[in-house]
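The following exercises concern a structure with more than one chain. Work through each task before reading its solution.

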Amino acid sequence: MLRKTILSVMMVLMLSGVALAGYSIKSMTPEVKQALDGRKERFSELRALKMSGAIGENNRGYVEVLKGASNARSIASEENRDRKVIYQTIAEQNGLEGALSTIESAFAQVQADKASAGDKIQEANGSWTTK
Amino acid sequence: MLIRYSSLIMALILSGCTVKAVGDPNRPITINAHVTIDIKGLKDTASNIEDYVSGKEEKLPVKGQK
């Protein structure tokens, strides 16, 4: 009876395509390593720009320039390029090629959760709030 | 007897099995596959990566690498 139930649950999970193993970067390619290293290197600078209100976290998993700062635009551009590489790598290495927007959205939610007090966050409805 | 009728039945089946293409031949047919995504698993992965980027975690768990 128990064996039958376990087998049924496993069959349902397999058929529904639920990934029990979770998602990860399975292979550290030179591109994703460069993207991660780039993000680590600019983290402090990005943090300072977030604290000043020049950059905020949008609801699509990327940073956005909210007010004019000399280097904000270039930092945001580099940061978003690296994030895209990471998101695409996760999609490619976990069989989620058609779900890039879901991956971006999951990262956006995590960024919002981890944001410090005073950071600008874009809500799901598109409005900007200060955490 | 059986062979005679089986030929007739086969002829009827074959005549009823004409496959017709429906739709515009110039436009490819798209089949949408259903994929269930574990959102919590995805958020855990995102959290690990963001902790690594911020320096909160020293190592990023990479499966398949020692």
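**Exercise 1.** Determine how many residues of chain B are in contact with chain A, and how they divide by chemical character.

*Solution.* The model is a predicted one. Step 1: in this model, 23 residues of chain B are in contact with 28 residues of chain A. Step 2: on the side of chain B that touches chain A, the residues comprise 10 nonpolar, eight polar and five charged.

**Exercise 2.** State which residues of H2(B) are buried, and explain how they are arranged around the helix.

*Solution.* Step 1: H2(B) has 16 residues and spans 22 Å from its first C-alpha to its last, close to the 22 Å expected at 1.5 Å a residue. Step 2: the buried residues are Leu42(B), Thr45(B), Ala46(B), Asn48(B), Ile49(B) and Val53(B). Step 3: viewed down the axis of H2(B), these buried residues lie within an arc of 160 degrees, so they line one face of the helix. Step 4: the spacing can be understood from a general rule: an α-helix has 3.6 residues a turn, so residues three or four places apart point the same way. Step 5: the buried residues of H2(B) pack against H2, H3 and H4 of chain A. Just after the helix, Gly55(B) adopts a positive phi of about 90 degrees.

**Exercise 3.** Describe helix H3 of chain A: which residues are buried, which exposed residues lie on the face turned away, and what covers the buried side?

*Solution.* Step 1: H3(A) covers residues 72–93; its 22 residues reach 31 Å between the first and last C-alpha, close to the 32 Å expected at 1.5 Å a residue. Step 2: its buried residues are Ala72(A), Ile75(A), Ala76(A), Glu79(A), Asp82(A), Arg83(A), Ile86(A), Tyr87(A), Thr89(A) and Ile90(A). Step 3: they lie on the same side of H3(A), because they cover an arc of only 155 degrees around the axis. Step 4: the face turned away from this buried side carries the exposed residues Ser74(A), Ser77(A) and Arg81(A). Step 5: the cover over the buried residues includes H2, E1, E2 and H4 of chain A, together with H2 of chain B. Just after H3(A), Gly95(A) has a positive phi of about 65 degrees.

**Exercise 4.** Is Ser127(A) buried or exposed?

*Solution.* Step 1: Ser127(A) is located in the loop between strands E3 (120–122) and E4 (128–130) of chain A. Step 2: a residue is exposed if 12 or fewer other C-beta atoms lie within 10 Å of its own. Step 3: Ser127(A) has 9 C-beta neighbours inside 10 Å and therefore counts as exposed.

Notes
Residues are numbered from 1 along each chain as its sequence is written. Chains are lettered from A and ligands numbered from 1 in the order in which they are written. This is a predicted model: local features need pLDDT of at least 70, side-chain atom pairs count only at pLDDT 80 or more; totals for chains, interfaces and linings use all residues. Helices (H or I, at least four residues) and strands (E, at least two) are DSSP runs, numbered from the N terminus. The expected span of a helix is 1.5 Å times one less than its number of residues. A residue is buried if 20 or more other C-beta atoms lie within 10 Å of its own, exposed if 12 or fewer, and partly exposed in between; C-beta atoms are placed from the backbone. The arc is that of the directions from the helix axis to the C-beta atoms. Two residues are in contact if their C-beta atoms, placed from the backbone, lie within 7 Å. Ala, Val, Leu, Ile, Met, Phe, Trp, Tyr, Cys and Pro count as nonpolar, Asp, Glu, Lys and Arg as charged, and the others, Gly among them, as polar.
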